[in-house]
Structure formats: structure tokens, C-alpha cells
Amino acid sequence: MTHPRLAAEFTTADALQAAVDALAREHYRELETYAPFDMPELDAKLGRRRSRLGWVVVAGGLAGLIIAYGIQWWANVHSYPLYVGGRPAHAVPAFVPATFEGMILAASLTAFFGVLIVLRLPKLWIPEDEIDGFSRASVDRFWVTANHFASDLDRDRAAELMRSAGARRVIVAED
Amino acid sequence: MTTISAPRSDPGSNGSRAHAQLERYPIMRELPDDGTLTTQLLAPLWTSHPAWKWLFMASGALSLWFLFAMGVTFARGIGAWGNNIPVAWAYAITDFVWWIGIGHAGTFISAFLLLLHQRWRASINRLAEAMTLFALVNASLFPILHLGRPWFFYWLVPYPATMGVWPNFKSSLPWDVAAISTYFTVSLLFWYLGLVPDLAAARDRAPGRTRRRVYGVFALGWHGSGTEWRHYRVAYTLLAGLATPLVVSVHSIVSLDFAIAQLPGWHSTIFPPYFVVGAIYSGFAMVLMLVLPVRHVFRLHNVITRRHLDHIALLLLVTGSLLAYSYLCEAFGAWYSGDLFERYTMLTARTRGPYAVFFWIMTAVNVLTPQLFWWTRLRTNVVVLFVVGVMIWIGMWLERFVIIVASLNRDFLPSSWHLYAPTWVDWSLLAGSIGLFSFLFLAFLRWVPFVPVSEVKREQREIAFESAYVDRDGAMPEVTR
Amino acid sequence: MSRRVEQPEVNLEFPPGAADPPEWVSRRDFLTLLGAGAAMAAGACMRRPDKPILPYVEAPADVVPGMPLYYATAMPLDGYATGVLVRSNTGRPTKIEGNPDHPASLGASGALEQASLLELYDPHRAEAMRVGRRRATWDAFAAAFAPAALSRRVGARGAGLRVLMPPTTSPLTASLLGRLGEAYPDARTHFFAPLASSARIAAARTSLGAALVPQYDFRAADVVVALDADILATGPFHLRYAREWADRRRASPSAQLHVAEPTPSPTGTLAARRLGATWSAVAAIATALVDAVHRDARSTGRVSGTTDASGGALTPDARAWVAAVAADLAAHAGHSIVVCGERQPSDVHVLTNALNDALGNVGTTVWYTPPAVLNDGGPDHDLSALATELRTGGVDTLVILDGNPCYGAPSDIELSRVVGAVHNTVYLGAYDDETARVSTWHLPAAHYLESWGDARAYDGTTSVIQPLIAPLHGGRTADEVLAVLAGQPNNSTHDLLRDAWNSARGQGAPTTESDWSEALRRGVVAGSAFARATPAVRGDAVAQARATVAARGVAREQIEIGFVPSHAVHDGRFADNGWLQELPDPVTKLTWDNAALMAPAMASRLGVATNDVVKLQVGDRALDTPVLVVPGHADGAVALAMGYGRQGGEAVARGVGVNANALRTSQAPHVAPSAAVSRTGRSHELALAQTHWAIEGRGSSIVGEDGEAQRSTASSVQPRKRRPLTLYEPKPPSRDGFGADQWAMVIDLDVCTGCSACVVACQAENNIPVVGKDGVMKSREMHWLRIDRYIDGPPDDPRFETQPMLCQHCEKAPCEYVCPVNATVHSEDGLNEMVYNRCVGTRFCSNNCPYKVRRFNWFDYNGEIAETERMAKNPEVTIRARGVMEKCTFCVQRIRDAQMASRLAGDPATGPVVTACQQSCPTQAIVFGSLTDPESEVSRQFGDPRSFSALDELGTVPRVRYLARRREADSSDSSGGRAR
């Protein structure tokens with residue numbers, strides 16, 4: 001089987017939220033939601049923790065800072081010091097701007113490529129793509145999918161909850 | 001910032017009128033459902049506006065002229081320009097500072113206002129970001145063009161050179177290289193990351209395989225899953241957080257190109273803030289010049305409401321006033337220094353010298369015109385806004401011209417004083433850069449979702465929620481935060 | 001390129017190349033050249049002269065194979081020799097310097113001497129001998145003009161033969177003319193040069209009873225009065241005079257120079273009392289001075305300094321000037337000099353002689369010698385006499401030996417026309433110029449660096465002219481032509497020279513081989529100067545002169561036009577020289593043009609300003625000329641430089657400026673007494689190298705004087721020893737290596753005349769390109785060393801400031817820290833170095849240079865120059881590419897040479913280094929050396945109370961310092977030439 005065992009389509013964000021509430025209340029947590037825009041309000045319900053990307057970016061920024069200053073020091077102080085304008089070779093204030101830019105650049109690159117890596121993007125296919133009409137998830141439809149159920153009973157219960165939450169349709173994969 | 005964007009506490013107008021304002025101009029009006037909205041906002045991608053083709057070709061032609069002027073410069077040398085000794089920098093550097101200044105509004109809107117939860121930014125931030133990118137393309141061309149031996153521009157970069165000779169990091173020009181390249185990269189990443197969900201929408205709405213494929217590739221397989229949104233949110237906010245100090249640093253560093261010199265008129269410690277304010281000022285002026293036609297042509301009155309215009313106008317008022325203050329400081333500093341040369345340049349040459357007429361035009365335009373925006377009606381009058389935008393756009397070019405040429409042409413030794421006059425090549429480069437900008441911007445309007453669909457939907461949902469809340473107990477909605 | 005030259009250029013406003021549309025690189029077409037083909041063939045290989053020539057015995061450079069050699073020779077100008085040393089790199093003359101042993105040079109060399117090098121390599125020089133339109137050969141000429149053939153044309157006694165040449169001092173030419181006279185008794189020789197004046201000698205004839213010229217010793221003078229005489233910057237001995245005067249000022253600062261002149265000259269700018277007076281007023285002033293000084297001088301020997309009524313014709317200013325100057329003269333009787341300029345009529349020279357006589361200067365500071373010029377051109381030997389003969393016919397063959405008389409002749413003679421009418425004309429000339437175009441035969445003339453010969457200096461000292469290089473274009477000398485006419489065609493000038501000198505004994509001419517060698521090595525023939533004479537002045541002649549002057553009166557209403565030599569192109573003979581055309585005039589900074597100089601008052605009366613074109617009218621002759629308003633110019637006088645408006649075949653010269661000769665007449669060749677000036681409403685943009693003369697109250701920062709305060713207090717400036725606060729102490733000099741020397745320069749503004757010899761010297765030494773008129777108008781001159789001129793104060797009696805400005809080699813150089821690629825850095829020995837091949841051309845350094853001495857290669861100036869011009873380049877100095885910044889290097893190539901020499905010699909201390917500008921400076925105002933040597937002159941002068949740094953307050957800590965000019969405290973009277 002290719003597509004998820006259970007998938008429900010909603011027409012409004014509120015319906016999706018209702019469904020998630022209902023499922024969460026009954027401890028269905030292994031859910032994935034799909035929405036055309038960011039809905040942070042779902043995270044708490046599903047116990048999603050804040051992304052740790054921030055720390056990676058901090059590390060990246062520090063690395064950039066060190067490298068940028070290092071390059072300047074090595075070039076102007078160590079490798080080829082020159083007597084320029086009667087100023088000392090190691091001109092700390094003059095090295096600040098490029099150092100700052102280096103830090104920002106490295107941090108930004110980390111943030112951008114960090115998120116791609118964490119999300120394993122680009123990713124041109126996911127099982128949900130097999131569901132007919134799923135593509136509207138990026139436009140005006142809201143989906144919940146789930147794959148892990150203790151039993152078919154559980155699955156039917158979940159499907160029931162989704163319907164009652166106002167799902168436009170619920171798709172149950174046959175084994 | 002609250003005081004800026006919420007007319008309620010705007011000292012210029014009393015509370016009740018502002019109250020009325022708010023209700024008359026919500027951030028979004030009579031919004032359709034998500035589907036229709038998406039269709040509306042993505043429509044320009046599928047169908048071309050009749051006038052577009054002609055504008056596109058015209059700007060393309062101008063860009064070719066730009067190329068030709070560059071060719072002349074490369075082939076003959078800088079002598080093809082009007083530059084001389086003492087005025088060794090003139091049009092090219094003026095254009096450079098001007099464009100990079102314009103490039104500041106985009107990041108300011110998208111990053112700065114995002115951090116401050118200025119919700120109204122949502123509908124116009126992508127336009128502004130695109131403007132930033134294309135302005136930076138121009139800005140990065142001029143310094144290279146300007147070199148006596150442009151084919152060696154990479155000597156300013158600390159690449160592993162066999163010569164073992166490195167850039168001199170005491171000079172502000174390598175700082176420029178670092179600042180501009182960083183700024184361009186970060187702006188591009190920020191812009192693209194923001195685009196991804198909308199590209200996904202475009203992919204899923206695209207008529208025909210090819211377009212679906214193309215947008216599909218750029219959408220990176222975005223599906224809008226909760227997990228994706230969770231990390232995406234953080235990354236996007238982080239980029240905004242990084243871009244905000246960056247945008248301040250870039251024009252500060254550009255200003256150091258002048259401030260670290262000892263030339264009267266350049267050698268001034270107020271330059272960094274002065275230039276940053278001027279940059280945002282000119283940037284917003286150009287945002288107006290772009291947003292107003294786009295809004296009109298694509299009937300975007302529902303997502304770009306008078307509220308947006310009102311806020312941009314207020315920002316112009318504020319930055320314009322700050323700029324006026326900078327002008328005063330500059331002059332006062334020169335007078336207070338008691339230095340013979342400073343005083344002559346700032347007080348005599350500027351006001352009565354050969355370029356005085358430009359100085360006075362620049363002062364009038366940049367200082368007086370934004371004062372119109374103390375009046376709410378003018379803040380939301382499309383015509384006034386557009387005209388003022390153009391005036392400031394030009395005024396800020398003049399400001400850079402005055403700072404650069406009017407300082408250089410009369411420096412310490414009267415024996416070396418000499419006037420500067422541009423040649424046709426100088427003019428061509430200026431006009432051509434505007435052509436290139438238009439060319440890129442028109443392409444953007446045609447092929448890229450220029451209103452952030454996903455964000456607008458999000459905002460719409462919040463507004464809907466809050467208005468419901470208002471209906472219950474009649475309190476002011478917090479949509480102006 | 002050749003197209004440019006063949007088209008009729010009469011209507012061209014600017015020389016081709018010099019003024020093509022702004023954008024085009026090919027603007028410098030006058031550096032790329034027609035006929036480069038032949039030139040290349042000529043220039044490619046080494047061209048050693050075939051006769052043995054001998055290097056200067058004390059060659060400044062070690063005579064090592066591969067090292068340059070220096071040869072002594074002499075450059076004749078207006079006939080008079082100036083001794084020079086010529087540097088030869090592998091057989092190419094590359095630099096001209098002064099010959100310390102020569103009385104006219106004393107080691108210095110003027111702008112014209114320096115630039116004559118470029119003339120040698122000028123690709124516009126005539127390259128082939130021609131008769132009619134056909135090419136000819138020397139043999140054909142020799143055959144056609146050998147007595148056998150020629151006598152058939154001109155008759156056995158040569159009644160139909162005339163020779164026209166500029167005044168010459170050459171003993172060889174003299175002897176050849178003698179032989180010509182023997183061969184053709186009825187032939188006659190005429191002498192003409194546009195600037196030559198016989199007034200001085202005529203005056204001597206009347207007042208001293210013999211043809212004599214005055215000689216001066218400024219070293220012994222306490223007061224010098226120059227009446228319309230630019231003694232320090234023009235004339236055959238100006239280098240010597242400038243040097244002597246400078247020495248005197250250094251020895252006794254109280255020595256004063258007073259000048260009355262119509263148009264500001266370098267001499268005038270140095271004057272303690274300067275008076276702007278028209279030419280006729282100068283004459284009246286001379287009379288007034290005589291009256292004030294002459295009374296009883298002879299009898300009592302005591303001289304009173306009072307004026308009397310004879311000053312009645314004078315303005316109050318002039319009378320005050322006369323009173324003050326007369327008093328000064330009286331106070332220094334016997335130690336003063338009064339000099340009168342060439343343009344003044346002989347009467348004024350008589351009065352001048354009388355003054356020197358009355359003051360008892362004759363014998364101490366003034367004496368007389370016979371004129372060095374051969375036959376100053378008595379009435380029957382002048383040009384108008386020849387013209388009359390030519391008109392009346394009977395002259396079959398006219399031989400013109402150089403001088404381009406058809407351009408320089410006064411317009412009333414219409415020489416071109418009459419010469420064109422002569423059947424058989426021979427012209428020996430370097431260019432296809434106005435004269436060549438009307439001559440039957442044109443023989444290319446050899447440059448003096450290509451030819452053997454001899455010439456006398458103004459004091460009679462004889463020099464041998466020895467060639468540095470074989471003629472590039474098969475040029476010939478006047479002597480060779482005369483030899484052909486005299487019937488000895490096969491002798492080379494070298495042999496002629498030896499023969500002539502062997503025959504001419506008693507004049508100190510070298511006869512033995514060793515004398516000869518010595519003469520060649522040293523460049524002068526020892527003891528060949530004329531004997532001094534101190535004749536008394538005839539009173540009747542003086543009275544006569546006073547009467548004439550009084551009768552002539554002072555021009556009140558009518559305007560006088562004076563025709564002055566151009567500091568750049570002289571009388572036009574240097575008009576094709578790019579270096580000189582672009583050399584800013586010492587006073588007005590005008591380049592690539594001449595203009596009607598006039599006083600501000602006069603200009604406002606006429607309602608014209610600089611760049612307006614006016615019509616100058618003398619009788620029925622008119623000339624449209626752009627105006628240049630010059631403060632300090634005499635009201636009522638217009639000065640117009642000669643040598644412009646050339647219409648010959650020289651691509652650079654053609655069409656630059658207007659031809660002053662159109663207004664000159666043989667009656668009034670130097671000053672047109674009554675002229676009219678009217679506006680035309682048209683305008684013509686002049687290329688001024690400096691567009692702003694006012695100093696804007698920055699005098700104390702720039703030239704080390706605080707105007708008024710200064711004058712009211714001391715006569716010398718208190719140095720401002722302000723040392724700006726700094727975070728970084730200067731780097732201490734290292735014990736050894738490069739750092740052991742710390743190079744520095746001091747320029748003494750008290751003796752700098754602004755003559756600009758250093759500018760051209762720098763240009764020659766450092767391969768500095770020419771940018772053309774358009775380049776100058778765009779302020780893109782490439783001169784590494786420029787002379788700043790400030791004219792401030794009341795426009796009728798302004799204050800002149802002269803300041804050579806070059807890279808100041810700041811210890812805290814603002815240009816260095818802004819360069820993004822380390823292309824300009826500081827050397828161990830304190831040089832501000834420019835690394836051409838690292839420069840990317842951001843020009844930030846220039847923006848941040850407060851002295852604006854950096855020069856940028858806006859185009860590829862050196863890319864497309866002719867092969868001959870390449871030969872002029874100094875191989876020790878890099879040729880700069882397009883897009884690169886450049887500037888003064890303190891002649892680093894000379895420094896490194898000296899360092900290498902001393903290393904090789906095992907000498908720890910670097911030998912003396914002489915920069916090109918320093919070497920050329922006539923007044924030795926420039927001193928260069930190392931500060932680490934406390935004994936060095938530069939160290940001493942760095943400590944001089946007058947020393948200051950330009951823009952000291954900026955904290956750039958320049959290594960170039962100036963010695964402030966000494967100005968005497970202002971005398972009570974504000975008129976009559978305030979002390980300036």
C-alpha cells in the first residue's frame with residue numbers, strides 16, 4: 001500500500017483544528033496535518049516541540065565570525081604585513097565590519113540550508129500525493145493523516161472522530 | 001513602531017478620526033474564501049496583461065543600452081565618463097549608493113516589521129523584497145564598472161592568491177564587498193524561503209504539465225505539513241532576525257566609504273545613521289512607486305488597502321523627518337567644528353557653490369514633501385502618494401550627488417578645484433540601470449507570485465477570528481499591532 | 001592618421017588628436033603618428049654618430065656597461081648656447097640636464113631645454129628632402145648648389161643669391177659665411193628671428209659708443225630693478241640670473257627685487273614691489289628713475305632718492321613706486337642693478353645704462369661685453385631690406401637656413417608671398433612648416449642632438465655641440481648647407497668644425513687634440529668668454545633719450561598690445577612639442593592656447609571676461625583672440641604670446657591659438673602702441689590647468705603665510721610646529737637596509753619663480769604622457785609635479801603665490817589606508833609607493849589626497865604612441881597602463897640607483913640622490929635628501945624657522961616641506977606696489 005492508512009480532508013482550518021482537538025483528546029498523537037498556511041496552534045495539541053534549528057544557526061554564526069576575523073588577521077597581520085598609512089598592521093576596529101558580515105552570512109546560510117536538511121527537502125513525492133485531490137492542501141484544503149493504529153478499531157474510531165469534526169471526506173486505506 | 005503604524009496614537013490626528021480610519025481601512029477587505037483568493041492572487045501567473053509585453057520589451061531595450069554603455073566604459077576606459085581629478089567619483093558612485101539605499105526598504109519591511117508583528121506588511125513584503133534584490137543587482141554592478149581595471153575586481157576579495165598579496169582590510173571598500181555580497185545572499189535566501197509555500201500553491205494550481213513541473217521544482221516538494229511549518233517558521237524568523245541588523249549594517253558600511261575619508265563633507269561621524277535613514281526613506285519612496293501601479297493594474301485593493309498606503313506614508317514622514325534632522329546635524333557639526341575647510345564645504349560651497357541648485361532642490365524635496373503626510377487625507381491619496389514617491393526617489397539621488405560631487409569638486413587646495421560634468425555615458429549608465437531594474441521587476445510580476453498567498457490566508461484567518469471576537473463585545477480589534 | 005595631416009587644417013580649432021571628441025582615446029593622435037613607418041625603421045636600431053663623441057668626464061652615473069652615459073653638448077636658442085648634459089641609454093638620448101660648467105646653465109636647465117628632447121623624437125619632423133613635389137637627395141642638392149652650377153643662376157659674384165637665417169653665435173657659421181662672401185662677393189646674408197631685438201645694441205652704440213651688451217652679477221646686487229624684463233625666466237642667461245639671484249636672497253634676505261612690467265611674469269611674482277605699467281609707462285618710469293637718481297651722481301658720487309616733475313606723466317601708483325624704488329636704489333648705489341627688457345625701445349635701454357652708470361654699478365654688478373650674436377643685423381641685413389629686394393626682383397636664389405621666417409615675419413612684409421615668388425628657394429627646416437610650403441627645396445634640418453656644431457653663450461663662452469645620435473631623418477645642419485654653397489660639399493660638419501677652429505686662433509678655440517677632447521667632455525671651451533668693458537655713458541645720448549621718451553609720452557587712451565614670447569612654445573619653434581603645449585603658463589596656467597591677457601579693470605570696461613573672443617585691431621590688421629583676465633596686469637595693455645596659430649604641417653602645432661604675427665609690423669614688431677579692442681560676442685574655451693586663483697583665506701595652511709598679520713609683523717614666518725595628536729607614533733628608522741634612509745624634500749618658496757622647468761623635467765624623467773587640450777579642460781593633466789598659482793588681493797596690485805605641488809609622501813598618508821588592494825603602501829625609507837600592477841583603479845586614494853597630486857590613466861595614454869616617441873621613454877621608469885593611478889615617486893629609480901651604487905662601492909651611506917625636478921631647478925629651490933643624516937641639507941632646512949608643511953593641521957605629516965616666502969613688512973604707503 002502506498003498512501004496513508006487514514007486520511008481526512010477538511011474545508012476549513014477550524015474544522016481541522018476541531019478534528020485535531022478531538023483526536024488529541026483521545027490520545028491520537030501520531031498525526032500529520034497539512035495546511036495551506038502556518039497553524040502554530042496545532043503544535044501544542046500534538047505535543048510538537050519548538051524547532052532546535054536556532055542553536056545550529058548560532059553555531060554557524062560563531063563559525064562565520066571566527067573565520068572572517070581569521071582571514072583578515074592572517075592576510076594583513078600574519079601572511080603579508082604592510083606599512084599602510086602609518087597605522088598598525090593589526091587594526092582591530094577596521095576588521096570589525098567584515099567580521100560582522102561574515103557572521104551574518106554564515107548564520108543565514110546555516111538557517112536556510114538547515115531547514116532544507118531537517119525537512120529533507122527537496123522531496124518530490126510523499127505517499128499523500130497518491131490521494132486524489134490532496135494537492136489542494138497547498139491551496140484551500142486541510143488534511144489530517146495517520147499511519148499507526150493499535151488496531152482497526154482504533155482506526156475506525158479515529159475516522160469516526162474526523163467525520164464528526166466535519167471532515168469533507170475520510171479515506172481509509174484497505175489492507 | 002506602534003506609534004508609527006497605529007494612527008490611534010498618531011500625534012498628528014485626533015483619536016476619533018483615527019478610530020474611523022481604522023474601520024474604514026482594514027488591512028484586508030471583503031475577502032473571498034481561500035480558493036478564490038488563491039485564484040485571484042495567482043491569476044497574473046497564468047495570464048499576461050496586454051500592456052506587460054510592451055513594457056517588458058521597452059525595459060529590455062533600455063537594458064541593452066545599459067550593456068552598450070558598459071561596453072564603451074570597458075573598451076575605452078573611465079575616461080569615457082566625465083570624472084576628473086579632483087572629482088574622481090561621480091555618477092557611478094552616486095548611482096551605486098542610490099540603488100543600494102533603495103534596496104533597504106524591502107528587507108526593512110519583511111524582516112524588521114515581521115519581528116515587530118506589523119501584520120500589514122504581509123501583502124506587500126514580497127514586492128518590496130523583489131525590489132531589494134533587483135536594486136542590489138544594479139548596486140553591485142556599479143562599483144565594478146567604476147574600477148579603472150574592472151577585470152581585476154576580484155582582487156578585492158581575499159581569495160587564495162598565488163601572489164600572496166591580500167586586500168587591505170583597513171579600507172572600507174573590502175567592507176563593501178563583504179556587506180553587499182552578504183546582503184544580496186541573505187535577501188535572496190529570505191525571499192526564496194518565503195516563496196516556497198506559494199510556489200507549492202502555484203505548482204498545485206498550474207495549468208499544464210510544464211508549469212506544474214517548473215513550479216514543482218522550485219517548490220522543493222513543499223506540502224505544508226505541520227512538521228514543515230514548525231521548522232520553516234523558525235528558519236524564516238531567524239533569517240528575519242539576521243537580516244534586521246544586516247540591513248542596518250550595510251548602509252552604515254556604505255556610508256563609511258565616505259566617512260573614513262578626511263574630505264570635508266565626507267568626514268563625518270553621523271554618516272552611518274544618516275545614510276541608513278536615507279536608505280529606508282528612498283526605499284519606501286520606491287515601494288510606493290511600485291505598489292500603487294501594481295495594486296491598480298491587478299485590482300489588489302482588497303489585499304493592499306489604504307491602510308498599507310497610510311502606513312507607508314507614515315514611515316516616509318518619520319524617516320523624512322529623521323533625515324531632515326541629519327541634514328541639520330551635518331551642517332551644525334561643520335559650523336561647530338570651527339574648521340575652516342569643513343565650514344567652507346558645508347556652509348559656503350553647498351549653499352552657494354556651483355552645485356548649490358541641486359543642494360536646494362534636494363533639501364526642499366527630501367525635507368518638505370514628506371511633511372504633507374501629517375494630513376490623513378494626503379496619506380491615502382493615491383496620486384499624492386505616487387508623486388511624492390517619485391520626488392523623493394529623485395531627491396535622494398540628488399542627495400548622493402551633492403554629497404559626492406559637491407564635496408570633491410572643492411577640497412583643501414583651491415588650486416585643484418574643478419567642476420564636473422557628466423558625459424552621455426554617465427547618463428546612459430543611470431538610465432540603463434533603471435531599465436534593467438524595470439526589466440527584472442516586470443519579469444517578477446509575470447512569473448512569481450508577488451503577493452504572499454499563504455501569509456495572506458493566514459492573516460485572513462486571524463482577522464476573521466478577531467472580528468468575530470469584536471462582534472461579541474465591541475472592543476477594538478488588535479489588528480494594528 | 002596620415003589622413004589628418006593631408007587635409008587642409010586651416011579651419012581646425014585644435015590640433016588633431018589634441019582635441020578630438022572627449023570620449024575618444026584617439027584624441028592623442030598626435031602621439032600616434034603619421035610616417036611612423038620610416039620612424040620605426042630609423043628608431044629601431046642604435047644609431048651611433050660616426051665621429052667619435054666623448055662622454056661628460058664627471059658623469060653623474062657610474063660608467064658601467066648597460067648604465068646610462070652622460071654627454072655634454074649645448075642647445076642653441078635664438079643663437080645663444082645653453083650647456084646641457086644629455087643622458088644616453090643604449091644610444092638613445094633620454095633626458096636633458098644642465099651642465100654645471102656652462103655659464104648659461106650652472107647645472108640647471110629650463111623647460112625649453114628639457115622639452116627639446118621630445119622635439120628630437122617628434123614624428124612630425126620632415127623626413128625626406130624634396131624639390132618641388134619630388135623627393136630629392138643630398139647629392140642632387142649639392143650638385144645643384146655647388147658654385148659651378150649655382151653661379152650660372154646667381155651670377156659669378158652671386159648678385160642673385162641671398163641667405164636668410166636667424167641670428168647665430170656660431171664661430172663655424174661665421175667662418176662659413178666668410179667663405180661664402182669670398183665665393184660670392186655680392187651675395188648678402190640677412191638675419192631674422194621674430195623675438196630678436198637690436199634695441200639693446202643700438203642703445204649701446206649711441207650711449208656707450210660701441211656695440212655692447214650688458215652683463216650682470218646678481219650675486220653682488222642688493223637691489224635689482226627690472227623694467228619690463230623677465231630676467232628670471234626668459235632670455236639667454238635667465239638660468240644663470242635666477243641662480244645668482246636665489247643665491248643672493250639666501251645669502252642676504254634683505255636683497256630686494258622691484259619690477260615694473262605690463263604683464264605679470266615669473267620675475268614679477270617674486271618682486272618685493274611690483275608695479276603693473278604699460279610699455280610706454282615703463283619708459284616714462286625709467287626717465288623718472290633717472291631724474292630721481294641721476295642728479296649729481298657723477299660729480300659727488302652721492303645719490304639722492306627724490307623724484308621730480310618728470311614723473312608727471314605717471315599715475316600716483318607709479319610715482320609712489322618710483323619714489324620707493326629710487327630710494328632703495330639710492331641706498332644701495334654700487335650694489336644695485338637696473339635691467340631693461342628686450343621689448344623696450346633703445347632709448348629706454350640708454351636710460352637704463354645711464355641709471356647703472358649713475359648708481360656706480362658699472363664695474364661692480366654691471367659690465368659690458370661685445371654681443372655674442374654674429375652681426376646683430378644692421379639695417380641692410382634685416383628682413384625688410386631683404387623683402388624689398390625680393391619684391392623688386394633680381395634675387396634668383398634664396399637660401400633660408402631654419403627659423404621659419406614665413407611664419408614669424410611681421411605681417412606687413414607678407415614674406416610668404418614674396419618668398420613664394422622667388423624662382424629658387426631653399427629651406428633648411430625641421431618641419432614641413434609655413435616656410436617649407438613656399439620653398440622650392442626643403443632640406444630636413446638636423447636636431448642639435450643630431451649634429452655637430454658650435455655656439456656661444458650670452459657672455460661669449462664657446463661650446464662644442466656634439467651629436468648624441470645620428471640624424472633620425474637624414475637631417476642636415478646650416479653649416480653643411482653653407483659649406484655646399486661655399487664650394488666644399490664633401491666636408492662633414494665635424495671636419496668643418498675642426499678646420500674652422502684650427503684656423504681661428506686667439507679666441508681660445510681648442511687647437512690640440514687634448515683641448516678638443518676637453519672641450520667635448522666639459523661642454524665649454526675654457527676661457528672663451530669675452531673680456532669685460534666698462535665704458536662711460538655719454539650725457540648727450542641720455543638727454544636725447546629722455547627727450548624722445550618724453551616726446552613719445554605715456555599711452556593714456558589708446559591700448560598697447562605687446563607681443564611676448566610664450567613660456568611654452570617660445571616664438572613658435574616648439575609649437576609641435578606636446579610637453580610644452582601642455583605646460584601651464586607659469587603665471588596664468590594657460591595651456592594649449594594663447595590669449596589676450598588684460599587687466600580686470602580693462603576687461604570690465606570692455607564688458608568681456610575670460611573666454612570671450614575680442615577683436616584686436618592694429619591699423620587695418622585685425623585678429624580675433626580669446627581674452628584671459630589676469631589680476632596685476634597693467635591697465636591699458638594687452639599681452640599676446642607669440643608662437644601660436646601655426647598653419648604649417650605640424651600636426652600638434654596646427655591651429656593651436658592665434659597668430660600674433662598677424663598684428664606685428666616691421667615698424668612695431670614688439671609693441672603695437674595704439675591698438676583697438678572690441679568684443680565679438682563669440683567665445684572660445686581656454687584650457688586653464690588651474691581654474692581658481694583665490695586662496696580663500698587658506699594662506700596660512702597652504703603657503704605658510706597668514707596674509708595681513710604676516711605683513712604687519714615679521715619679515716619671516718614663524719613655523720607652526722603643531723604636531724597633531726595621534727594614536728600611532730611614526731615608525732622609527734631601522735639601522736640598516738632601506739630604512740636607514742628617510743627621504744624628504746624641502747622647497748624654498750622664497751626663490752621659486754614658478755618657471756616650470758621642474759614640471760617638464762619630471763615629465764621627461766618619468767615618462768609622463770600628454771593628454772591634450774580636452775584632457776586639460778577636463779582637469780586630467782598627468783603632471784606629477786605641478787606649480788600652483790594663487791593670485792589674491794586687490795586685482796590691480798595682487799599678491800602672487802607660487803607653490804610647486806607634488807606628492808607630499810605623508811608619513812600618515814591618507815591615500816594608503818583607503819586603497820582596498822594595498823596598491824599604495826609605505827616603503828621602509830619613507831616613500832609613499834604606488835604599485836602600478838596591483839592598482840585596480842578605485843581612485844579612492846585620489847579622493848582622500850588633500851593635495852590632489854595623484855594622477856589617473858583615464859585612457860590608454862601610452863598605448864599607441866609612435867616608435868620614435870618610445871625612444872624618448874626612460875627605461876628606468878614603468879610605462880603606466882590604462883586605469884591605473886600614478887604620482888610622484890621621489891624619482892625612486894634614482895634613489896635605488898644611488899643605493900645600489902653605494903652598496904657596490906661598499907659604502908654604508910647612500911650617495912647623494914638628485915631628483916629630476918631638483919636637478920633642473922635654476923634657483924636650487926628644491927632640496928632632496930635623507931633625514932637620517934643630520935648633516936644633510938634637507939635635515940638642516942627641515943629645521944629652518946621658515947619651514948612648514950602644507951595643510952599641517954590634517955596630520956598627514958608630509959615628507960615634503962616648504963620654506964615660507966620672505967616678504968618684507970608692508971611700507972606705510974598702500975600704493976605703488978605694496979610689498980608682495
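The legends below describe close-up views of a predicted model, centred on chain C and its interfaces with chains B and A.

In this predicted model, local features require pLDDT of at least 70 and side-chain atom pairs count only at pLDDT 80 or more, whereas totals for chains, interfaces and linings use all residues. Residues are numbered from 1 along each chain as its sequence is written, chains are lettered from A and ligands numbered from 1 in the order in which they are written, and side-chain values use heavy atoms, with hydrogens and water left out.

**View 1. The interface of chain C and chain B.** Here 58 residues of chain C are in contact (heavy atoms within 4.5 Å) with 54 residues of chain B. About 4,800 Å² is buried between the two chains, 57% of it on carbon and sulfur atoms; buried area is the accessible area (1.4 Å probe) that two parts lose on being put together, summed over both. On the side of chain C, the residues that lose the most area to chain B are C:Arg698, C:Arg838 and C:Arg882, together 16% of what that side buries.

**View 2. Polar and charged pairs between chain C and chain B.** The interface has one salt bridge (a side-chain nitrogen of Lys or Arg within 4 Å of a carboxyl oxygen of Asp or Glu) according to the rule. C:Lys852 forms a salt bridge with B:Asp411, and their closest N and O atoms are 3.0 Å apart. In addition, 33 residue pairs, both at pLDDT 80 or more, are in polar contact; this term denotes a pair of N or O atoms within 3.5 Å, where within protein one must be able to donate a hydrogen and the other to accept it, and residues adjacent in sequence count only if both atoms are side-chain atoms. The side of chain C that touches chain B comprises 28 nonpolar, 15 polar and 15 charged residues. In this classification Ala, Val, Leu, Ile, Met, Phe, Trp, Tyr, Cys and Pro count as nonpolar, Asp, Glu, Lys and Arg as charged, and the others, Gly among them, as polar.

**View 3. Strand β15 of chain C and its partners.** Strands (E, at least two residues) and helices (H or I, at least four) are DSSP runs, numbered from the N terminus. Six of the six residues of β15 (residues 424–429) of chain C are buried (under 20% relative accessible area, 1.4 Å probe, protein chains only), so this strand is largely enclosed by the rest of the structure. C:Asn424, C:Val426 and C:Leu428 point one way from β15(C), and C:Thr425, C:Tyr427 and C:Gly429 the other way. Strands pair if DSSP finds at least two bridges between them. β14 (residues 397–401) of chain C pairs with β15(C) in the parallel sense over five bridges, and C:Leu398 stands opposite C:Thr425. Four bridges join β15(C) to β16 (residues 441–444) of chain C, also parallel, with C:Val426 opposite C:Trp441.

**View 4. The surroundings of C:Gln466.** This residue is in the loop between β18 (462–465) and α18 (478–485) of chain C. C:Gln466 is buried, at 0% relative accessibility. Its side chain reaches the backbone oxygen of C:Ala72 at 2.7 Å.

**View 5. The interface of chain C and chain A.** Eleven residues of chain C are in contact with eight residues of chain A. The buried area is about 940 Å², of which carbon and sulfur atoms give 64%. The rule finds zero salt bridges and two residue pairs in polar contact, both at pLDDT 80 or more.

Key:
Buried < 20%, exposed > 50% of the residue type's maximum accessible area, 1.4 Å probe, protein only.
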